[in-house]
Amino acid sequence: MTTIGMPEVRASIQLPEGIRSSAVKFSEGEYLHELVRANGFRRTLETGFGLGVSAASIMTASRARHVAIDPFQRDYDDCGLKNLERLGLTPNLEFHAEYSHSVLPRLLAQGRTFEFIFIDGDHKFDGQFVDFYFAASLIEEGGFIVLHDTWMRGTSYLVNYARANRRDLEPVPQSLRNIAVFRKRGADRRGWMHFEGFGGTPRSWIAHKVNQRLHAQPDSFLGKAALRVKDALKLSWSS
Ligand SMILES: C[S@@+](CC[C@H](N)C(=O)[O-])C[C@H]1O[C@@H](n2cnc3c(N)ncnc32)[C@H](O)[C@@H]1O
(Lines give C-alpha, C1' and ligand atoms only; values in the text may rest on other atoms or scores of the structure.)
Protein backbone atom coordinates (compact mmCIF):
# COMPACT_ATOMS: atom_id res chain seq x y z
CA MET A 1 0.00 0.00 0.00
CA THR A 2 1.38 3.37 -1.03
CA THR A 3 1.66 6.35 1.28
CA ILE A 4 2.78 8.88 -1.32
CA GLY A 5 0.68 11.94 -2.13
CA MET A 6 0.44 14.85 -4.55
CA PRO A 7 3.92 16.30 -3.75
CA GLU A 8 5.45 13.03 -4.97
CA VAL A 9 3.17 13.02 -8.02
CA ARG A 10 4.29 16.55 -8.95
CA ALA A 11 7.94 15.63 -8.40
CA SER A 12 8.00 12.28 -10.26
CA ILE A 13 5.65 12.66 -13.22
CA GLN A 14 7.42 13.34 -16.51
CA LEU A 15 5.51 15.26 -19.17
CA PRO A 16 7.33 15.16 -22.52
CA GLU A 17 7.33 18.31 -24.62
CA GLY A 18 4.66 18.22 -27.31
CA ILE A 19 2.15 16.00 -25.45
CA ARG A 20 2.24 17.53 -21.98
CA SER A 21 -0.79 19.74 -22.65
CA SER A 22 -3.00 16.66 -22.98
CA ALA A 23 -2.57 15.78 -19.29
CA VAL A 24 -4.80 17.27 -16.62
CA LYS A 25 -3.14 20.23 -14.89
CA PHE A 26 -1.59 19.49 -11.50
CA SER A 27 -4.12 21.88 -9.93
CA GLU A 28 -6.89 19.73 -11.47
CA GLY A 29 -5.12 16.58 -10.29
CA GLU A 30 -5.08 18.00 -6.78
CA TYR A 31 -8.81 18.65 -7.05
CA LEU A 32 -9.47 15.03 -8.15
CA HIS A 33 -7.19 13.79 -5.37
CA GLU A 34 -9.11 15.76 -2.76
CA LEU A 35 -12.53 14.62 -4.07
CA VAL A 36 -11.45 10.98 -3.78
CA ARG A 37 -9.70 11.40 -0.45
CA ALA A 38 -12.42 13.46 1.26
CA ASN A 39 -15.13 11.00 0.23
CA GLY A 40 -13.10 7.89 1.01
CA PHE A 41 -13.64 6.48 -2.50
CA ARG A 42 -11.78 3.25 -3.30
CA ARG A 43 -13.40 1.84 -6.45
CA THR A 44 -12.27 4.24 -9.18
CA LEU A 45 -12.18 4.28 -12.99
CA GLU A 46 -11.12 6.64 -15.75
CA THR A 47 -11.41 6.81 -19.51
CA GLY A 48 -8.39 8.53 -21.09
CA PHE A 49 -5.27 7.51 -19.15
CA GLY A 50 -2.89 9.62 -21.27
CA LEU A 51 0.18 10.70 -19.30
CA GLY A 52 -1.14 9.25 -16.05
CA VAL A 53 -1.55 12.53 -14.13
CA SER A 54 -5.23 11.96 -13.36
CA ALA A 55 -4.59 8.27 -12.54
CA ALA A 56 -1.72 9.12 -10.16
CA SER A 57 -3.81 11.86 -8.50
CA ILE A 58 -6.73 9.50 -7.97
CA MET A 59 -4.65 6.48 -6.89
CA THR A 60 -2.57 8.36 -4.32
CA ALA A 61 -5.87 9.36 -2.69
CA SER A 62 -7.74 6.04 -2.92
CA ARG A 63 -4.73 3.82 -2.23
CA ALA A 64 -6.69 1.12 -3.99
CA ARG A 65 -7.17 -0.58 -7.36
CA HIS A 66 -7.84 1.83 -10.24
CA VAL A 67 -9.25 0.94 -13.66
CA ALA A 68 -7.78 3.02 -16.52
CA ILE A 69 -8.83 2.72 -20.17
CA ASP A 70 -6.86 4.03 -23.16
CA PRO A 71 -6.25 2.38 -26.55
CA PHE A 72 -3.46 4.76 -27.58
CA GLN A 73 -0.88 4.46 -24.78
CA ARG A 74 1.68 3.10 -27.28
CA ASP A 75 1.36 6.36 -29.23
CA TYR A 76 2.45 8.14 -26.04
CA ASP A 77 5.48 5.82 -25.82
CA ASP A 78 3.85 4.28 -22.70
CA CYS A 79 4.53 7.58 -20.94
CA GLY A 80 1.56 7.21 -18.54
CA LEU A 81 2.49 3.63 -17.63
CA LYS A 82 6.10 4.68 -17.02
CA ASN A 83 4.96 7.55 -14.78
CA LEU A 84 2.89 5.19 -12.64
CA GLU A 85 5.78 2.71 -12.49
CA ARG A 86 8.07 5.50 -11.28
CA LEU A 87 5.60 6.25 -8.48
CA GLY A 88 5.25 2.58 -7.51
CA LEU A 89 1.54 2.62 -8.36
CA THR A 90 1.54 -0.13 -11.02
CA PRO A 91 0.48 -3.00 -8.71
CA ASN A 92 -2.85 -1.24 -8.13
CA LEU A 93 -3.43 -0.32 -11.79
CA GLU A 94 -5.90 -2.31 -13.91
CA PHE A 95 -5.05 -1.00 -17.36
CA HIS A 96 -7.11 -1.76 -20.48
CA ALA A 97 -5.43 -0.84 -23.78
CA GLU A 98 -8.79 -0.73 -25.57
CA TYR A 99 -11.50 1.73 -26.55
CA SER A 100 -13.78 2.71 -23.67
CA HIS A 101 -16.81 1.76 -25.77
CA SER A 102 -15.51 -1.85 -25.67
CA VAL A 103 -14.43 -1.98 -22.03
CA LEU A 104 -17.28 -0.16 -20.24
CA PRO A 105 -20.09 -2.50 -21.41
CA ARG A 106 -17.91 -5.47 -20.48
CA LEU A 107 -17.39 -4.13 -16.94
CA LEU A 108 -21.12 -3.56 -16.68
CA ALA A 109 -21.85 -7.12 -17.83
CA GLN A 110 -19.39 -8.39 -15.21
CA GLY A 111 -21.37 -6.58 -12.50
CA ARG A 112 -18.51 -4.20 -11.63
CA THR A 113 -19.45 -0.92 -9.94
CA PHE A 114 -17.46 2.20 -9.05
CA GLU A 115 -17.57 5.08 -6.58
CA PHE A 116 -15.64 7.55 -8.74
CA ILE A 117 -15.49 7.77 -12.55
CA PHE A 118 -13.39 10.34 -14.39
CA ILE A 119 -14.19 10.87 -18.10
CA ASP A 120 -11.27 12.25 -20.12
CA GLY A 121 -10.99 9.97 -23.17
CA ASP A 122 -12.54 10.60 -26.59
CA HIS A 123 -13.61 14.26 -26.48
CA LYS A 124 -16.02 14.15 -29.42
CA PHE A 125 -19.59 14.61 -28.20
CA ASP A 126 -20.71 11.10 -29.10
CA GLY A 127 -17.61 9.49 -27.57
CA GLN A 128 -18.08 11.37 -24.31
CA PHE A 129 -21.79 10.66 -24.33
CA VAL A 130 -21.16 6.91 -24.60
CA ASP A 131 -18.67 7.10 -21.71
CA PHE A 132 -21.17 9.10 -19.67
CA TYR A 133 -24.02 6.73 -20.49
CA PHE A 134 -22.11 3.71 -19.21
CA ALA A 135 -20.65 5.65 -16.30
CA ALA A 136 -24.20 6.47 -15.17
CA SER A 137 -24.88 2.70 -14.97
CA LEU A 138 -21.55 1.76 -13.40
CA ILE A 139 -21.61 4.44 -10.70
CA GLU A 140 -22.78 3.54 -7.22
CA GLU A 141 -25.33 5.50 -5.19
CA GLY A 142 -23.50 8.51 -3.74
CA GLY A 143 -20.63 8.10 -6.20
CA PHE A 144 -19.23 10.84 -8.46
CA ILE A 145 -18.93 11.14 -12.23
CA VAL A 146 -16.43 13.83 -13.23
CA LEU A 147 -16.14 15.36 -16.71
CA HIS A 148 -12.98 17.11 -17.83
CA ASP A 149 -12.62 19.90 -20.42
CA THR A 150 -15.96 21.64 -20.01
CA TRP A 151 -14.52 24.48 -22.12
CA MET A 152 -15.16 22.24 -25.15
CA ARG A 153 -18.52 22.65 -26.84
CA GLY A 154 -19.13 18.90 -26.93
CA THR A 155 -18.48 18.61 -23.19
CA SER A 156 -20.63 21.62 -22.35
CA TYR A 157 -23.51 20.08 -24.35
CA LEU A 158 -23.03 16.86 -22.39
CA VAL A 159 -23.22 18.82 -19.13
CA ASN A 160 -26.39 20.54 -20.42
CA TYR A 161 -27.83 17.15 -21.35
CA ALA A 162 -27.13 15.71 -17.90
CA ARG A 163 -28.52 18.75 -16.07
CA ALA A 164 -31.69 18.77 -18.16
CA ASN A 165 -32.35 15.03 -18.31
CA ARG A 166 -30.70 13.08 -15.51
CA ARG A 167 -32.42 13.82 -12.23
CA ASP A 168 -30.60 10.80 -10.80
CA LEU A 169 -27.31 12.66 -11.34
CA GLU A 170 -27.15 15.73 -9.14
CA PRO A 171 -24.74 18.49 -10.19
CA VAL A 172 -22.15 19.09 -7.48
CA PRO A 173 -20.96 22.72 -7.22
CA GLN A 174 -17.19 22.93 -7.43
CA SER A 175 -14.46 25.50 -7.76
CA LEU A 176 -12.68 24.56 -11.01
CA ARG A 177 -14.04 25.95 -14.26
CA ASN A 178 -12.84 23.13 -16.50
CA ILE A 179 -14.48 20.29 -14.57
CA ALA A 180 -18.09 19.22 -13.98
CA VAL A 181 -19.12 16.85 -11.20
CA PHE A 182 -22.31 14.80 -10.81
CA ARG A 183 -23.34 12.71 -7.82
CA LYS A 184 -25.54 9.62 -8.30
CA ARG A 185 -28.78 10.10 -6.37
CA GLY A 186 -31.33 7.30 -6.62
CA ALA A 187 -32.58 5.36 -9.61
CA ASP A 188 -33.11 6.66 -13.13
CA ARG A 189 -36.92 6.79 -13.25
CA ARG A 190 -37.46 8.39 -16.66
CA GLY A 191 -40.26 7.07 -18.84
CA TRP A 192 -39.47 5.96 -22.37
CA MET A 193 -40.86 9.23 -23.80
CA HIS A 194 -38.69 11.36 -21.58
CA PHE A 195 -36.50 13.90 -23.26
CA GLU A 196 -35.57 17.44 -22.30
CA GLY A 197 -33.79 19.48 -24.91
CA PHE A 198 -30.28 20.72 -24.24
CA GLY A 199 -29.74 22.79 -27.33
CA GLY A 200 -31.41 22.83 -30.72
CA THR A 201 -33.96 25.29 -32.09
CA PRO A 202 -37.11 26.63 -30.38
CA ARG A 203 -39.13 24.90 -33.13
CA SER A 204 -37.58 21.50 -32.36
CA TRP A 205 -38.32 22.06 -28.66
CA ILE A 206 -42.00 22.91 -29.40
CA ALA A 207 -42.27 19.91 -31.75
CA HIS A 208 -40.95 17.59 -29.09
CA LYS A 209 -43.28 18.91 -26.38
CA VAL A 210 -46.29 18.67 -28.69
CA ASN A 211 -45.42 15.15 -29.80
CA GLN A 212 -44.85 14.05 -26.20
CA ARG A 213 -48.30 15.31 -25.21
CA LEU A 214 -49.89 13.85 -28.31
CA HIS A 215 -48.47 10.44 -27.64
CA ALA A 216 -49.16 10.35 -23.90
CA GLN A 217 -52.82 11.49 -23.99
CA PRO A 218 -54.13 11.40 -27.58
CA ASP A 219 -57.82 11.52 -26.56
CA SER A 220 -57.58 14.15 -23.84
CA PHE A 221 -58.29 17.86 -24.30
CA LEU A 222 -54.54 18.60 -24.20
CA GLY A 223 -53.80 15.77 -26.63
CA LYS A 224 -56.32 17.12 -29.14
CA ALA A 225 -54.98 20.64 -28.67
CA ALA A 226 -51.49 19.29 -29.33
CA LEU A 227 -52.71 17.72 -32.57
CA ARG A 228 -54.12 21.08 -33.72
CA VAL A 229 -50.82 22.80 -32.90
CA LYS A 230 -48.93 20.09 -34.72
CA ASP A 231 -51.04 20.44 -37.87
CA ALA A 232 -51.05 24.25 -37.76
CA LEU A 233 -47.27 24.46 -37.44
CA LYS A 234 -46.64 21.45 -39.71
CA LEU A 235 -44.52 19.85 -36.99
CA SER A 236 -43.01 16.40 -37.25
CA TRP A 237 -40.84 14.29 -34.94
CA SER A 238 -37.79 15.67 -36.66
CA SER A 239 -38.79 19.37 -36.75
C1 LIG B 1 -6.71 14.41 -22.60
S2 LIG B 1 -5.88 12.87 -22.71
C3 LIG B 1 -6.06 12.22 -21.09
C4 LIG B 1 -5.10 12.79 -20.12
C5 LIG B 1 -5.02 12.05 -18.80
N6 LIG B 1 -6.29 12.07 -18.09
C7 LIG B 1 -3.91 12.59 -17.95
O8 LIG B 1 -4.18 13.23 -16.92
O9 LIG B 1 -2.75 12.41 -18.30
C10 LIG B 1 -7.08 11.94 -23.60
C11 LIG B 1 -6.73 10.47 -23.71
O12 LIG B 1 -7.89 9.78 -24.16
C13 LIG B 1 -7.47 8.70 -24.94
N14 LIG B 1 -8.61 8.25 -25.74
C15 LIG B 1 -9.04 8.72 -26.94
N16 LIG B 1 -10.11 8.03 -27.36
C17 LIG B 1 -10.37 7.11 -26.39
C18 LIG B 1 -11.36 6.10 -26.25
N19 LIG B 1 -12.30 5.90 -27.17
N20 LIG B 1 -11.34 5.34 -25.12
C21 LIG B 1 -10.41 5.56 -24.16
N22 LIG B 1 -9.44 6.50 -24.25
C23 LIG B 1 -9.43 7.26 -25.36
C24 LIG B 1 -6.28 9.24 -25.71
O25 LIG B 1 -5.41 8.20 -26.11
C26 LIG B 1 -5.64 10.16 -24.70
O27 LIG B 1 -4.59 9.51 -24.02
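Which pocket is taken by the ligand? In this predicted model, the ligand occupies the space of the largest pocket, a pocket being an open set of points on a 1 Å grid over the protein atoms alone, with protein on both sides within 12 Å along at least five of seven lines.

A shell of 20 residues surrounds the ligand, and Ser22, Leu51, Ser54, Asp70 and Asp120 come nearest (near meaning a heavy atom within 4 Å). By type, the shell holds 10 nonpolar, 7 polar and 3 charged residues, with Gly counted as polar.

Backbone atoms meet the ligand through polar contacts (pairs of N or O atoms within 3.5 Å). Oxygen atoms of the ligand lie 2.9 Å from a backbone N or O atom of Leu51, 3.1 Å from a polar backbone atom of Val24 and 3.5 Å from a backbone N or O atom of Val53. The protein covers 92% of the 610 Å² of accessible area that the ligand has on its own (Shrake-Rupley method, 1.4 Å probe).

Residues are numbered from 1 along each chain as its sequence is written. Local features need pLDDT of at least 70, and side-chain values use heavy atoms.

Note on methods:
Predicted model: local features only at pLDDT ≥ 70, side-chain atom pairs only at ≥ 80, totals over all residues. Polar contact = N/O pair within 3.5 Å; in protein donor to acceptor, adjacent residues only side chain to side chain. 1 Å grid on protein atoms, 1.4 Å probe; cavity = no way out; pocket = protein on both sides within 12 Å on 5 of 7 lines; lining within 4 Å. Sits in = over half its atoms within 2 Å of the grid points.
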